[in-house]
Amino acid sequence: MSPDAALRYRRWIDTGRNGCMDWAARYLDVRDNPQLLLEGARSVIMVAMNYYPAQFQSPDVPQFAYYAYGRDYHEVMRDRLHQLSAYIKEIAGDGVATRCCVDTAPLRERYWAVQAGIGFVGRNNTLIIPGKGSYFFLGGIVTTLELHPDDPCQLTCGDCKACEKACPGGALAGGLPVDASRCLSCLTIEYRGEELPQWAREAMGNRIYGCDECQRVCPHNRGAQPTAVPELQPSEAFLALTAQDIAAMDQPAFSRCFSHSAVKRTKLTGLKRNLNTNNEK
Ligand code: SF4
Ligand code: SF4
């Protein structure tokens, strides 16, 4: 990793802009150096998987971020990375070691995706793939295989500030890296307090899990195409969920609905807290 990128990340942590994402401040040495994830690592292979939905929730029901519509991306991406990893070993030999990473290991996925030429990091902090947009999961394989590097993507947002203006929490103000303490996605998913801050209650509208606003307004997402990955399609049961259903949900019902969904991260108590916020509005 370049010293500049490592320094920018540390500055983000040192200024407290990681908010309630305490995990982001851990394993800084590993984040700087993937060779600490896998001894003898020589290359990082990055992949992106489209999750833009083909079907959407009704706007009247509590809104989940698109990435949480289908099966948990950790499971979906991990399965595919393991298949790719097996293929790499098949063609390169068993002596090659690999480590698959999907958001659970301290790998700087967006940085490596830029280095791999997949896209650039927008002002909204997502990886933007030219011509395709940002509704993509990233996965990485750290490997001992020595590969010829791709050219990094050199594009930028230019003069656009659409996401900064649209952000309901002001988390992108001043063109600085995201202030997670002002980000509704972070607060509705990662925050463990019993109540959300009052300003967030007012800003979140009928969102219940995550926020897509800074991606929704991004011009690069105008031509977003629905994902063809079957596991990422929303179920009929998910699309039919109402505020009343969630208010009445007990733990077994939550597990039935979300045990293979990214939504399990917020737990039933978090989901109800977020819903209560909306009900009280
Ligand atoms: S996810 Fe929502 S709150 Fe967070 S930076 Fe984007 S627009 Fe702002
Ligand atoms: S909305 Fe504009 S500034 Fe924000 S990420 Fe997209 S292109 Fe960049």
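The domain assignment splits this chain into domain 1 (3-58 + 68-143) and domain 2 (162-280); such bounds come from an automatic or database domain assignment. The model is a predicted one, so local features need pLDDT of at least 70 and side-chain atom pairs count only at pLDDT 80 or more, while totals for chains, interfaces and linings use all residues. Residues are numbered from 1 along each chain as its sequence is written, and chains are lettered from A and ligands numbered from 1 in the order in which they are written.

**How the two domains meet**

- The centres of domain 1 and domain 2, taken over C-alpha atoms, sit 21 Å apart.
- On the domain 1 side, 31 residues are in contact with 36 residues of domain 2 (contact means that the C-beta atoms of two residues, placed from the backbone, lie within 7 Å).
- Strand E1 (43-50) and helix H3 (73-92) each put at least two residues into the side of domain 1 that touches domain 2. Helices (H or I, at least four residues) and strands (E, at least two) are DSSP runs, numbered from the N terminus.
- H3 gives the most to that side of domain 1, with 3 residues.
- Sorted by class, the side of domain 1 that touches domain 2 has 14 nonpolar, 12 polar and 5 charged residues. Here Ala, Val, Leu, Ile, Met, Phe, Trp, Tyr, Cys and Pro count as nonpolar, Asp, Glu, Lys and Arg as charged, and the others, Gly among them, as polar.

**The chain as a whole**

- There are 12 helices and 7 strands in the chain.
- A compact globule of 281 residues would have a radius of gyration near 19 Å, and the chain agrees because it has 19 Å. That radius is taken over C-alpha atoms, and the globule rule is 2.2 Å times the number of residues to the power 0.38.
- The C-alpha trace spans about 55 × 40 × 35 Å along its principal axes.
- Of the 281 residues, 36% are buried. A residue is buried if 20 or more other C-beta atoms lie within 10 Å of its own, exposed if 12 or fewer, and partly exposed in between, with C-beta atoms placed from the backbone.
- Take the contacts between residues at least 6 apart in sequence: 75% of them join residues at least 24 apart.

**Around the two ligands**

- The shell around ligand 1 has 13 residues, and the ones that come nearest are Cys167, Cys183, Cys211, Glu213 and Cys214. A residue is near a molecule or strand if its C-beta atom, placed from the backbone, lies within 6 Å of it.
- Helix H6 (184-189) and helix H8 (213-216) are the elements giving two or more residues to the shell around ligand 1.
- By class, the ligand 1 shell divides into 9 nonpolar, 3 polar and 1 charged.
- Around ligand 2 you'll find Gly122, Arg123, Asn124, Cys157, Cys160, Lys161, Ala162, Cys163, Val217, Cys218, Pro219 and His220.
- The ligand 2 shell has 7 nonpolar, 3 polar and 2 charged residues.
- Both domains chip in here: domain 1 and domain 2 each give at least three residues to the shell around ligand 2.

**Helix H1 and what follows**

- Helix H1 (residues 3-14) has 12 residues, so at 1.5 Å a residue it should span 16 Å, and its end C-alpha atoms are indeed 16 Å apart. The expected span is 1.5 Å times one less than the number of residues.
- H1 is hardly covered, with a count of 1 buried residue among its 12.
- Just after H1, Gly16 takes a positive phi of about 75°.

**Residues to look up**

- Ala180 lies in the loop between H5 and H6, and it counts as buried because it has 22 C-beta neighbours inside 10 Å.
- Leaving aside neighbours within four places in sequence, Ala180 is in contact with Arg17, Asn18, Gly19, Cys20, Met21 and Cys186.
- Asp151 belongs to the loop between strand E6 (136-143) and helix H5 (162-166); with 8 C-beta neighbours inside 10 Å, Asp151 counts as exposed.
- Asn125 isn't a glycine, yet its phi is positive, about 70°. Its place is in the loop between strand E4 (120-121) and strand E5 (127-128).
- Lys267, in helix H12 (residues 267-280), is a residue other than glycine with a positive phi, near 65°.
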